[in-house]
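Got your viewer ready? Load the model, switch on residue labels, and follow along stop by stop.

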Amino acid sequence: MKLAVVTKPTFFIEEDKIITRLFEEELDYLFLDKSFPHPQYIERLLNLIPKKYHKRIFTCNNRLMQDYKLAGQFFPLGSPHPKEKDSGKSVGYAANLKELHEFKGFYEIMCFGPMGRTFYQSNELNEFGKKVINKHVWAFGDIDENNMKRLSAYGFGGIILDAQVWDKFDSCRSTDYSELIESFKHLQKLARRL
């Protein structure tokens with residue numbers, strides 16, 4: 001399974017170092033998702049990340065995607081769908097199987113997560129789900145080592161980590177991110193086996 005990490009919504013001091021280290025540990029993709037920032041702040045972060053990793057970063061800003069030759073653009077939940085194909089891959093999100101089925105053709109990668117509940121509580125992964133989910137659909141929102149094997153069995157092609165990684169680092173009080181890296185490596189090892 002492919003493994004991606006979505007950034008925290010805010011910027012913090014050690015972020016570029018952590019992202020670079022994650023790429024050094026063979027992170028497949030990074031989703032650069034910041035809450036309404038000025039593009040200048042994202043540019044600063046991108047300038048601190050080695051260029052060789054830019055082709056593995058997705059952003060929701062089309063201009064930055066083109067200027068920095070990033071992997072592609074993602075369209076968060078609720079955003080308008082692309083009208084035409086830009087350069088790079090496009091990534092969309094779906095909160096239920098109906099959306100996943102409806103919009104899968106628009107995107108190279110569809111991210112699917114049971115919004116407001118866990119995959120354990122979700123009835124979404126049923127027989128219809130098995131027909132819609134494939135290697136171009138990545139799971140997000142409820143990933144832990146207990147359900148990674150289950151998600152792989154449903155046919156997900158990747159998983160997107162969020163709090164599972166960032167909760168291991170206190171960006172306000174610490175500069176030691178070794179626990180975050182070790183947690184990522186553990187989850188990555190599990191994902192590579194699936």
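Which residue follows H1, and what is the sign of its phi? Select Glu-26: this residue comes after H1, and its phi is positive, near 75°. Helices (H or I, at least four residues) and strands (E, at least two) are DSSP runs, numbered from the N terminus.

Some ground rules before moving on. This is a predicted model, in which local features need pLDDT of at least 70 and side-chain atom pairs count only at pLDDT 80 or more, while totals for chains, interfaces and linings use all residues. Residues are numbered from 1 along each chain as its sequence is written, and side-chain values use heavy atoms, with hydrogens and water left out.

**Colour by confidence**

Colour the chain by pLDDT, the predictor's confidence in each residue, from 0 to 100. The chain's mean is 88, with 92% of residues at 70 or more. Helix H1 (residues 15–24) has the highest confidence, at a mean of 98, and helix H5 (residues 127–132) the lowest, at 79.

**Two loop residues with positive phi**

Stay on Glu-26 for a moment. Glu-26 sits in the loop between H1 and strand S2 (29–32), and it is exposed, at 54% relative accessible area. (Buried means under 20% relative accessible area, exposed over 50%, partly exposed in between, using a 1.4 Å probe and protein chains only.) Now jump to Lys-69, in the loop between helix H3 (62–67) and strand S4 (72–75). Lys-69 isn't a glycine either, yet its phi is positive, about 50°. Lys-69 is exposed too, with a relative accessible area of 65%.

**H1 and H2**

Next, select H1. Seven of its 10 residues are buried, so the rest of the structure largely encloses this helix. The buried residues are Glu-15, Asp-16, Ile-18, Ile-19, Thr-20, Leu-22 and Phe-23. Show what covers them, and you'll find S2, H2, S3, helix H7 (163–166) and H8 among the neighbours; contact here means heavy atoms within 4.5 Å.

Slide over to helix H2 (residues 39–48), where Ile-42, Leu-45 and Leu-46 are buried. Look down the H2 axis: the buried residues fall within an arc of 100°, so they line one face of the helix. (The arc is that of the directions from the helix axis to the C-beta atoms.) On the other side of H2, Gln-40, Tyr-41, Arg-44 and Asn-47 are exposed. Cover for the buried side of H2 includes H1, S2, strand S3 (57–59) and H3.

**Into the core**

Time to go inside. A nonpolar core is a set of buried Ala, Val, Leu, Ile, Met, Phe, Trp, Tyr and Cys residues joined through side-chain atoms within 4.5 Å. The largest one here has 51 residues, and Leu-100, Phe-156, Ile-159, Leu-161 and Leu-180 have the most contacts inside it. Helix H8 (residues 178–193) supplies the largest share, six residues. A second, separate core has 14 residues, including Ala-71, Tyr-93, Ile-109 and Cys-111.

Centre on Leu-161, in strand S8. Leu-161 is buried, at 0% relative accessible area. Leaving out residues up to four places away in sequence, Leu-161 touches Leu-3, Ala-4, Val-5, Val-6, Ile-143, Phe-184 and Leu-187. Put a distance on Leu-161 and Ile-143: they are 6.7 Å apart, C-alpha to C-alpha, and 18 residues apart in sequence.

Then try Leu-100. With the same sequence neighbours left out, up to four places away, Leu-100 touches Ala-94, Met-110, Phe-112, Val-132, Ile-133 and Val-137.

**Rings and charges**

Show the aromatic side chains. Rings of Phe, Tyr and Trp (its six-membered ring) pair if their centres lie within 6.5 Å; planes under 30 degrees apart count as stacked, over 60 as edge-to-face and the rest as tilted. The whole structure has 16 such pairs. Pick Phe-112 and Phe-156: the ring centres are 6.4 Å apart and the planes are at 15°, so this pair is stacked. Phe-112 is in strand S6 (residues 109–112) and Phe-156 in the loop between helix H6 (148–153) and strand S8 (158–161), so the pair ties together parts 44 residues apart in sequence. Both are buried, Phe-112 at 0% relative accessibility and Phe-156 at 3%.

For a group view, select Tyr-29, Phe-31, Phe-58, Phe-74, Tyr-93, Trp-138 and Phe-140, which form one aromatic cluster.

Last stop: two lysines over rings. A charge sits over a ring if NZ of Lys or CZ of Arg is within 6 Å of the ring centre and within 35 degrees of the ring normal. Lys-8 has its charged end over the ring of Phe-12, 5.4 Å from the centre, and Lys-34 lies over the face of Phe-11, 4.7 Å from the ring centre.
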